Amino acid sequence: MNIKRTTTAPTNGTNCVQYVTIGGTPTSGTFQLTGSAGTTGQITWSATNLTLLANVQAALDTVYGSGNTLVEDISLSSGIGVFKITFQNGQGKQIVDLLTYVNSLSGTSPTIAIAIQTAGVEATHRNSAKGQVLCYVTPDPPAMYQNTSNTPCNPSWDALPDTSSVS
């Protein structure tokens, strides 16, 4: 068994969640989102919520890879309101910069605002295989943790039972 030694307790990390708010009264147009992985193509605004969400998801999939973001409705009504973007899987459990945007929407004072709802927290020992064991050597006795996640870039470190007093 391959056991990695570490001087810090492992953390599971947290997925970053960003809220995008479309305000004013857009009637048509496009917008773009830019993050650490690059800039999306033009995202066509739609007054049909599901179409708008699908357009955003497709654009993010092109930049971040399929399945690495999840776009969900929070309070959209006719394409106006809030939707959220969760950075997950290959983009999950790590620090993600706030997205920026280019607003090319038309209508009555259309606006876009983006805010971090949940800050991403870096998972320790990302890309560890399922079953990988960490020995946290700082406490006495040392503590052992095992990755129980099937997704190596999103480890879930579970404490193993203390066997220091077992004879």
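The exchange below goes through a predicted model, from its open sheet to its helix, core and unusual backbone angles.

Colleague: Which pLDDT limits apply to this predicted model?
Modeller: Residues are numbered from 1 along each chain as its sequence is written, and side-chain values use heavy atoms, with hydrogens and water left out. Totals for chains, interfaces and linings use all residues, whereas side-chain atom pairs count only at pLDDT 80 or more and local features need pLDDT of at least 70.

Colleague: In what order do the four strands of the open sheet stand?
Modeller: Strands are DSSP runs of E with at least two residues, helices are runs of H or I with at least four, and both are numbered from the N terminus. Two strands pair if DSSP finds at least two bridges between them. The pairing in this sheet is mixed, and the order is β1-β8-β9-β10.

Colleague: Which strands stand at the edges?
Modeller: Each edge strand has a single partner strand, so one side of each is left without a neighbour in the sheet. The strands in question are β1 and β10 (157–159).

Colleague: Which strand runs parallel to β8, and which antiparallel?
Modeller: Four bridges join β8 to β9 (residues 143–147), and these two run antiparallel. A hairpin of six residues links β8 to β9. Four bridges also join β8 to β1 (residues 3–6). The parallel partner is β1, and the antiparallel partner is β9.

Colleague: Which residue of β9 does Cys-135 stand opposite?
Modeller: On the β1 side, Arg-5 is the residue opposite Cys-135. In β9, Leu-134 faces Tyr-145, and Val-133 faces Gln-146. For Cys-135 the residue in β9 is Met-144.

Colleague: Which residues of β8 point the other way from Val-133 and Cys-135?
Modeller: In a regular strand the side chains alternate between the two faces of the sheet. Strand β8 (residues 133–136) has all of these residues buried, buried being under 20% relative accessible area, exposed over 50% and partly exposed in between, with a 1.4 Å probe and protein chains only. Pointing the other way are Leu-134 and Tyr-136.

Colleague: How far apart are the end C-alpha atoms of helix α1?
Modeller: The expected span is 1.5 Å times one less than the number of residues. For the 16 residues of α1 (residues 49–64) this should come to 22 Å, and the model agrees, with its end C-alpha atoms apart by 22 Å.

Colleague: Within what arc do the buried residues of α1 fall?
Modeller: Among the buried residues of α1 are Leu-52, Leu-53, Val-56, Leu-60 and Val-63. The buried residues line one face of the helix, because seen down its axis they fall within an arc of 165°. The arc is taken over directions from the helix axis to the C-beta atoms. Its value is 165°.

Colleague: Which exposed residues does the face of α1 turned away from its buried side carry?
Modeller: The buried side is covered by elements including β2 (17–35), β5 (69–73) and β6 (81–87). The face turned away carries Leu-50 and Thr-62.

Colleague: Which element gives the most to the largest nonpolar core?
Modeller: Such a core is a set of buried Ala, Val, Leu, Ile, Met, Phe, Trp, Tyr and Cys residues joined through side-chain atoms within 4.5 Å. Of its 24 residues, Phe-31, Leu-33, Val-56, Phe-83 and Ile-85 touch the most other members. At least two residues each come from β2, α1, β6 and β7. The most, seven residues, come from α1.

Colleague: Which peptide bond is cis?
Modeller: Most residues other than glycine have a negative phi, and most peptide bonds are trans. The loop between β8 and β9 holds Pro-141. With omega near 5°, the cis bond runs from Asp-140 to Pro-141.

Colleague: Is Ser-109 buried or exposed?
Modeller: Ser-109 lies in strand β7 (residues 100–118). Its phi is positive, about 45°, although it is not a glycine. Its relative accessibility is 57%, so Ser-109 counts as exposed.

Colleague: What relative accessibility does His-125 have?
Modeller: His-125 is found in the loop between β7 and β8. Although not a glycine, His-125 has a positive phi of about 55°. His-125 counts as partly exposed because its relative accessibility is 28%.

Methods:
Contact means heavy atoms within 4.5 Å.
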